[in-house]
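Colleague: Before we discuss this entry, please put the sequence and the model up.

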Amino acid sequence: MSQQLIQLIVSGLAVGSVYALVGLAFILVNEATGVVNFATGQFVTIGCFVAVTTVIQMGLPLFVAYPAALLAMAMFGVVFYAVVFRPLQNRSVVTVIIGTVMIGIVIQNGALMTWGSVPFRPRSPFGRQVVDVFGAAISAHALFVIAVSFLMIGLLYTLIYKTSLGARMRAVAQDRDAARLMGIGVGRLFVLTWIIAGVLTGAAGILVGPMWFADVNMGDPIALKAFAAIIIGGFSSVPGAIVGGILVGLAEMFGAAYISSAYKDGLVFLVMILFLLVRPQGIFGERIGERA
Amino acid sequence: MGKKRLITRRTALSGMVAGAGITIYAPRLSAQSGEIAVGAMVPLTGPFNVSGQQYNFSLQMAQDDINANGGVAGKKLKVVFEDVKDSNSVAVNAFLKVVRDVNPPFVFQSSYTTQNLATEPEVTKAQIPCMYAGGGDAVHFKKNPWMFRIRPYDGLQSLALAKQATDGLGKKKIGIIYVQNDFGQPGAVAASKIIKDGGAEIVGMEAYAFTDNDMSAQLQKLKSAGADCLICISYGKDGALVLKLAKEMGIGLPVVVSSGVMVPAARNLIAPDELVNVYGVMDADLGPERGPAVADYAKRFKERFKIDADPFGSCYYDGAMILKQVMDKVGPDKEKIRDGLKAVKDYKGITNVFTTDADGNMVHSLAVFSVVPGTRDLKFIRTISP
């Protein structure tokens with residue numbers, strides 16, 4: 001296998017696994033609350049900058065800084081639920097969506113005021129180490145991103161599909177009212193969903209900081225690609241978000257290498273549009289129709 | 001029995017209208033009260049805010065320095081800032097707002113070609129002299145008599161990049177990686193033409209989107225195509241990413257980078273070993289070796305704003321000082337200011353020496369730097385001019 005091919009695969013997997021994490025955050029919130037959270041990109045930004053604070057500005061060792069940042073993002077999720085989602089949850093879906101867009105802009109400008117416009121370069125647990133993979137020079141941090149992302153995805157999958165808590169979360173996602181009637185604490189599960197979304201996006205931000213640098217405008221492009229990933233994978237499907245994220249990451253890398261570097265984003269979104277036209281439920285989604 | 005309304009609806013509405021009027025027309029009132037207000041279109045938010053911040057600060061400093069030295073034309077100078085973000089339509093609306101609300105004798109435009117181009121027709125309609133720092137040649141090709149560029153134009157940067165790669169480093173197979181927009185693409189095309197005309201070969205030209213974070217595919221393609229030198233036309237953060245990736249991937253080629261990568265905010269993102277074999281072009285380095293005036297400017301800027309000054313900001317400081325010099329002679333008359341700016345010759349500023357040519361370009365040289373090994377400090381190599 002050529003060095004270039006290995007480089008592309010590893011880069012695609014690293015990028016794609018970040019998209020998968022962010023895509024999962026989209027899906028969890030949407031399934032539980034019926035809302036697409038268009039501030040998800042800013043969650044990633046805040047997660048990255050919270051790590052900037054704990055790692056660079058406070059100088060904490062990484063084994064303390066990272067969990068502290070994730071804890072902060074869990075709390076951020078709770079605050080977002082309480083301040084943004086809960087007051088709007090009984091409004092129309094359009095109102096809630098616009099609300100998340102608007103609050104995303106507020107968060108982005110808040111990040112600008114807090115951390116400034118000059119980018120940061122958070123350090124990786126592996127520094128700038130490079131490993132030789134069949135002759136290709138691969139960043140150790142990229143391998144770390146892949147490993148951690150899949151670990152988190154595995155933990156989330158276990159939580160949702162192998163635990164009673166996950167069963168309750170799926171029940172709420174299927175039918176909120178029926179779940180409530182069955183005695184499931186819907187409000188508490190909403191809070192848990194936002195906590196998990198905060199942790200997932202925070203982890204994505206922490207992982208990409210050393211790769212792509214931290215700047216206050218970083219979140220939206222990542223969220224856009226993650227959104228394309230869940231469209232391709234299946235909007236309500238956890239495996240779909242994972243596969244969709246990986247596919248988008250690989251499509252970016254291979255598209256840039258073999259088709260056009262200038263228009264690789266266009267290629268990714270073209271694939272998304274094709275899926276919407278030909279298979280709108282995505283690879284793993286279920287086709288849902290409404291009876292007249 | 002209902003409560004008596006203390007304030008009628010009519011009174012409240014009148015109050016709101018009066019308040020809005022005062023808010024809208026306050027700059028005009030302020031200008032009339034003994035100040036000369038000039039406009040400044042600056043990306044205060046959005047992805048361009050890293051450089052926007054530089055000239056936001058440098059213009060604040062210029063305003064204060066000018067007012068501490070008697071103001072301009074005997075009055076205090078007031079710079080009225082408007083946020084132009086990264087949007088052409090916002091830039092145009094911001095310009096129109098300043099013209100309507102402030103009626104300034106002069107406006108500073110942003111440092112982005114795309115916004116300068118969008119605003120140019122309105123500048124002609126308003127007939128207000130402007131300084132701008134967008135480098136795209138398309139702006140001075142308009143030959144707008146009201147617009148004056150205070151930075152080197154991109155054609156000069158392309159010349160400097162090409163000359164450093166070929167004449168400076170003696171390389172013959174050049175690969176170009178560039179940001180896909182109306183800064184990067186024309187610059188890449190211009191550089192490739194100069195390189196080919198000089199007898200060297202372009203082995204590949206690879207683009208990336210401004211929001212891209214992984215350019216490894218592009219770098220790999222250029223290396224595989226047999227490049228012996230890379231030219232990188234980019235902004236700060238994306239250029240820093242290119243250099244980081246090039247080191248990680250073991251590309252091992254000299255890289256000549258555009259000015260955005262050389263500014264302190266970008267260089268501080270790059271480790272010293274990632275700057276080995278990197279050369280850059282920049283308007284100027286604001287190091288102490290440039291003399292006491294530059295050192296003083298850089299020191300005061302850092303003390304006040306807590307970040308390093310860069311030439312994208314200092315050119316606006318120079319522009320403000322040039323404006324003061326002109327307006328002290330001719331007052332706030334737009335046509336006289338325009339004519340005064342046309343006549344600027346050999347003005348020695350913090351960043352450069354300014355002389356206005358027939359196209360409104362005021363800066364005609366760029367400096368080429370290498371990096372002192374093991375550091376992020378720049379070492380001057382030579383000046384390039386047409």
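Colleague: How many residues of domain 1 of chain B are in contact with domain 2 of chain B?

Modeller: This is a predicted model, in which local features need pLDDT of at least 70, side-chain atom pairs count only at pLDDT 80 or more, and totals for chains, interfaces and linings use all residues. Residues are numbered from 1 along each chain as its sequence is written, while chains are lettered from A and ligands numbered from 1 in the order in which they are written. Two residues are in contact if their C-beta atoms, placed from the backbone, lie within 7 Å. On the domain 2 side 11 residues take part, and the number from domain 1 of chain B is 11.

Colleague: Which helices of chain B each supply at least two residues of the side of domain 1 that touches domain 2?

Modeller: Chain B is divided into domain 1 (12-152 + 292-355) and domain 2 (155-282 + 367-384), with bounds from an automatic or database domain assignment. Helices (H or I, at least four residues) and strands (E, at least two) are DSSP runs, numbered from the N terminus. On the domain 1 side, the helices of chain B that each give at least two residues are H4 (113-126) and H13 (311-330).

Colleague: How far apart do the C-alpha centres of domain 1 and domain 2 of chain B lie?

Modeller: Residues of domain 1 of chain B are in contact with residues of domain 2. Their C-alpha centres are nevertheless separated by 31 Å.

Colleague: Which strands stand at the edges of the open sheet of 5 strands in chain B?

Modeller: Two strands pair if DSSP finds at least two bridges between them. The order in this sheet is S2-S1-S3-S4-S5 of chain B, with parallel pairing. An edge strand has a single partner, so one side of it is left without a neighbour in the sheet; in chain B this applies to S2 (76-83) and S5 (147-149).

Colleague: What is the bridge partner of B:Tyr132 in S5(B)?

Modeller: Strand S4 (residues 130-132) of chain B runs parallel to S5(B) and is joined to it by 3 bridges. In S5(B), B:Tyr132 is partnered by B:Arg149.

Colleague: At about what angle does helix H2 of chain B run to S2(B)?

Modeller: Helix H2 (residues 49-68) of chain B lies across strands S1 (35-42), S2 and S3 (107-108) of that chain. Axes are lines fitted to C-alpha atoms, for helices over the stretch in contact, and angles run from 0 to 180 degrees between N-to-C directions. Against S2(B), the angle of H2(B) is about 165 degrees.

Colleague: Why is strand S6 of chain B described as largely enclosed by the rest of the structure?

Modeller: A residue is buried if 20 or more other C-beta atoms lie within 10 Å of its own, exposed if 12 or fewer, and partly exposed in between, with C-beta atoms placed from the backbone. Strand S6 (residues 173-179) of chain B is largely enclosed because the number of its 7 residues that are buried is 6.

Colleague: Which residue does B:Gly175 stand opposite in S8(B)?

Modeller: S6(B) runs parallel to strand S7 (residues 201-208) of chain B over 7 bridges, and B:Gly175 faces B:Gly204 in S7(B). S6(B) is also joined in parallel by 5 bridges to strand S8 (residues 229-233) of chain B. In S8(B), the residue opposite B:Gly175 is B:Leu230.

Colleague: Which residue does B:Ile231 stand opposite in S9(B)?

Modeller: In S8(B), 5 of 5 residues are buried; B:Cys229, B:Ile231 and B:Ile233 point one way, and B:Leu230 and B:Cys232 the other. S8(B) pairs in the parallel sense with strand S9 (residues 255-257) of chain B over 3 bridges. In S9(B), B:Ile231 faces B:Val256.

Colleague: Which element gives the most residues to the largest nonpolar core?

Modeller: A nonpolar core is a set of buried Ala, Val, Leu, Ile, Met, Phe, Trp, Tyr and Cys residues joined through C-beta atoms within 7 Å. The largest has 213 residues, and those with the most contacts inside it include A:Val18, A:Leu21 and B:Ile231. With 16 residues, the element that gives the most is H1(A).

Colleague: Is A:Leu28 buried or exposed?

Modeller: A:Leu28 is in helix H1 (residues 3-33) of chain A, and its C-alpha atom is 8.3 Å from that of A:Trp194, 166 residues apart along the chain. Leaving aside neighbours within four places in sequence, A:Leu28 is in contact with A:Thr193, A:Ile196 and A:Ala197. Because 23 other C-beta atoms lie within 10 Å, A:Leu28 is buried.
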